[in-house]
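Reader: I've got the sequence and the fold up on my screen, and I'd like to go through the labels people put on it. Can you walk me through how each one is earned?

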Amino acid sequence: MIKLESGDFLERYYKDFIREKIPSYELIWGSFIGNDGNCNMITIHGFPQSENDKRLNLSEYLYTCLESIICMKEISEQKMDSGELSISEYLILINLKMAFDAHVGRFRDNAKNLMKLYLSCSDVDYNIKDISDLYKERCAVLHGIKIPYEYKDGKFYTTKTEVVLKLKKSNWDDPKYLDNEEYFKHMSNSTNRICDFFQSILIKAMKPVIDKIIDEHDIDLSDFSIHPNCKPYSGISVCYGSAGSGFSSRLNGEV
């Protein structure tokens, strides 16, 4: 099986986090997707085109879910200093909260599409219910009215989740505030829940199906020699994701 050390720069940089929180990502990626050294899937000769199309979709959904989880992790670990809050810091804080919930929705939609590739609609609906409350909160934050905030005594406060879900137009009474530290802890807990959910569907629902495909077609990616060129250095063309979407960019400076 191919290891994350042969993945793209995101997979390599966060390999320890992935192995701790979502170990099945490496199992599926390393045995069924891989990286040819240019952030493209490894070619499986003789593999039916229809199955390879699904494999490509799998790699795209899998990587997108990972990327959103990592973004949620990074947002939840941000620290805001106590003291006077400038207008720019206030807007940054709001954007962090909005971005976090946007990634929750992006993860949920791509995880659902991932499961749809190989599972029945009823199984997909049954599994996705495990994070339905997080998705409802996401919808309330992104599509509802402004969430009430408060700033006093050098601390920034935001509204508790149970109140967010009940907010309607012109209904900002009794917001029941959480301080900033508590809210970032809430985002961290949500990220951990999503990691647990992703690991669960990968190991229980997806891996058995993929292992069967691997056995039926005698797929073995372990002998493929890889020297990744997907490095985020200045002046080097970088491809994003082992799915090989064809998108690349030239980065200015190190990431």
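Reader: What makes α5 and α6 roughly antiparallel to each other?

Author: This is a predicted model, and in it α5 and α6 pack at an angle of about 150°, with their axes 9 Å apart. Angles over 145 degrees count as roughly antiparallel, so α5 and α6 get that label. Their crossing is right-handed.

Reader: Which residues make that contact?

Author: From α5 you have R108, K112, M115 and K116, and from α6 there are V124, D125, N127 and I128. Sorted by type, the contact of α5 with α6 has four charged residues, three nonpolar and one polar.

Reader: How do you know that α3 is roughly antiparallel to α4?

Author: By the angle again: α3 and α4 pack at about 150°, with their axes 11 Å apart. The cut-off is over 145 degrees, which makes α3 roughly antiparallel to α4. The crossing of α3 and α4 is left-handed.

Reader: What does α3 bring to α4, and what does it meet there?

Author: Y25, I28, W29, F32 and I33 of α3 meet R55, L58, S59, L62, Y63 and L66 of α4. Nine of the residues in the contact of α3 with α4 are nonpolar, one is polar and one is charged.

Reader: Where else does Y25 make contacts, leaving aside its neighbours within four places in sequence?

Author: Besides L62, Y63 and L66, Y25 touches L4, E11, I18 and L202. Y25 is also among the residues with the most contacts inside the largest nonpolar core, along with F107, F198 and M206. That core has 56 residues, and α9 gives the most to it, with 14.

Reader: Why is C39 called buried?

Author: Buried means under 20% relative accessible area, and C39 comes in at 0%, so the label fits. C39 sits in the loop between α3 and α4.

Reader: And D218, why does that one count as exposed?

Author: The bar for exposed is over 50%. D218 has 69% relative accessibility, so it counts as exposed. You'll find D218 in the loop between α9 and β4.

Reader: What makes the backbone at C39 and at D218 worth a look?

Author: Most residues other than glycine have a negative phi. Phi of C39 is near 60°, a positive value in a residue other than glycine. Phi of D218 is near 50°, again positive in a non-glycine residue.

Technical notes:
Residues numbered from 1 in each chain as written. Predicted model: local features only at pLDDT ≥ 70, side-chain atom pairs only at ≥ 80, totals over all residues. Heavy atoms only, no water. Core = buried A, V, L, I, M, F, W, Y, C linked by side-chain atoms within 4.5 Å. Buried < 20%, exposed > 50% of the residue type's maximum accessible area, 1.4 Å probe, protein only. Helix = DSSP H or I, 4+ residues; strand = E, 2+ residues; numbered from the N terminus. Contact = heavy atoms within 4.5 Å. Axes fitted to C-alpha atoms, helices over the stretch in contact; angles between N-to-C directions. Parallel < 35°, antiparallel > 145°, perpendicular 65-115°, else oblique. Left-handed = near helix turned anticlockwise from the far one by under 90°. Nonpolar A, V, L, I, M, F, W, Y, C, P; charged D, E, K, R; others polar.
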